[in-house]
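Hi,

Here is the structure I promised to pass on. Have a look at it first, and my notes follow underneath.

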Amino acid sequence: MSHCPAGPTSLTVGEIPVNRHFDPITRHELALYCGASGDHNPIHVDIDFARSSGFPDVFAHGMFIMARLGVALNEVFPPSSVREFGVRFTAITQVGAGITCQGRVTAIEIIDGEQRARLEMTARDQDGDIKLKGEAVVAFDPQGEQE
């Protein structure tokens, strides 16, 4: 049985509650993701195809990086607390890139009687280049009561 986090009971604007580093992306992970997602575009797994298309090597699916951002978010906030989650793909992520996912609180709001935090979400590679940028809105309970 897996454990879901209860989520933070207090948040402040500027705080970074989501902060997770992922190991470098491997070719094996990209091949597995092709099968799991049904996206079999050879640009993600075939180095010869990638090179003939003008790229130095294969690169990760954008949704693969978004999934890592979602994992990082759900390690802090339970899935049932996520009210919004969306991203914009900003750059290609090369195989071998280590990805750091962060969520910085930009606002605390009460919507429909529920306390919510708005987070600026980013996924950056080891050079600090932003690969994904987006936003999440999560509900949190300042009293710390379980759902």
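Let me start at one pairing: isoleucine 111 has glutamate 114, in E4, as its bridge partner. E3 and E4 form a hairpin there, with 2 residues between them. Altogether 11 bridges join these two antiparallel strands. (Helices, H or I runs of at least four residues, and strands, E runs of at least two, come from DSSP and are numbered from the N terminus; two strands count as paired if DSSP finds at least two bridges between them.)

Before you zoom in, some housekeeping. This is a predicted model, so I kept local features to pLDDT of at least 70 and side-chain atom pairs to pLDDT 80 or more, while totals for chains, interfaces and linings use all residues. Residues are numbered from 1 along each chain as its sequence is written, and side-chain values use heavy atoms, with hydrogens and water left out.

How confident is the prediction? The chain has a mean pLDDT of 92, and 92% of its residues reach 70 or more; pLDDT is the predictor's confidence in each residue, from 0 to 100. Among the elements, E1 has the highest mean, 98, and helix H1 (residues 27-37) the lowest, 94.

Now the overall layout. The chain holds 3 helices and 5 strands, in the sequence pattern β-α-α-α-β-β-β-β. Its C-alpha atoms fill a box of roughly 55 × 35 × 25 Å along the principal axes. UniProt, in an unreviewed entry, lists residues 14-112 as "domain: MaoC-like"; positions are in the numbering used here, the feature name is shortened, and such annotations may be inferred rather than shown by experiment. That stretch is 30% helix and 26% strand, with its end C-alpha atoms 23 Å apart.

The strands make an open antiparallel sheet of 5, in the order E1-E3-E4-E5-E2. Strands E1 (18-22) and E2 (82-89) each have a single partner strand, so they stand at the edges with one side lacking a neighbour in the sheet. From one strand to the next the twist averages 15 degrees. (For angles, axes are lines fitted to C-alpha atoms, for helices over the stretch in contact, and values run from 0 to 180 degrees between N-to-C directions.)

Going through the other pairings, E1 and E3 are antiparallel over 5 bridges, and arginine 20 stands opposite cysteine 101 in E3. E4 (residues 114-124) and E5 (residues 130-139) pair over 9 bridges, also in the antiparallel sense, with arginine 116 bridged to alanine 139 in E5.

Back at the hairpin, have a look at aspartate 112 in the loop between E3 and E4. Aspartate 112 is not a glycine, yet its phi is positive, about 55 degrees. It is also exposed, with a relative accessible area of 75%. (Buried means under 20% relative accessible area, exposed over 50%, and partly exposed in between, with a 1.4 Å probe and protein chains only.)

What lies across the sheet? Helix H3 (residues 62-74) lies across E1, E2, strand E3 (99-111), E4 and E5, and runs at about 145 degrees to E2. Leucine 73 is found in this helix and is buried, at 2% relative accessible area. Leaving aside neighbours within four places in sequence, leucine 73 is in contact (heavy atoms within 4.5 Å) with Val18, Val82, Phe85, Met121, Ala136 and Val138.

The largest nonpolar core has 30 residues, and Val18, Ile65, Phe77 and Leu119 touch the most other members. E1, H1, H3, E3, E4 and E5 each give two or more residues to this core, and the largest share, 6 residues, comes from H3. (A nonpolar core here is a set of buried Ala, Val, Leu, Ile, Met, Phe, Trp, Tyr and Cys residues joined through side-chain atoms within 4.5 Å.) Not counting residues up to four places away, isoleucine 65 touches Ile25, Ala60, Thr93, Ile99, Ala123 and Leu132.

One more residue to click on is valine 105, in strand E3, which is buried at 0% relative accessible area. Its C-alpha atom is separated by 6.3 Å from that of isoleucine 16, 89 residues apart along the chain. Across the whole chain, buried residues make up 37% of the 147.

Cheers
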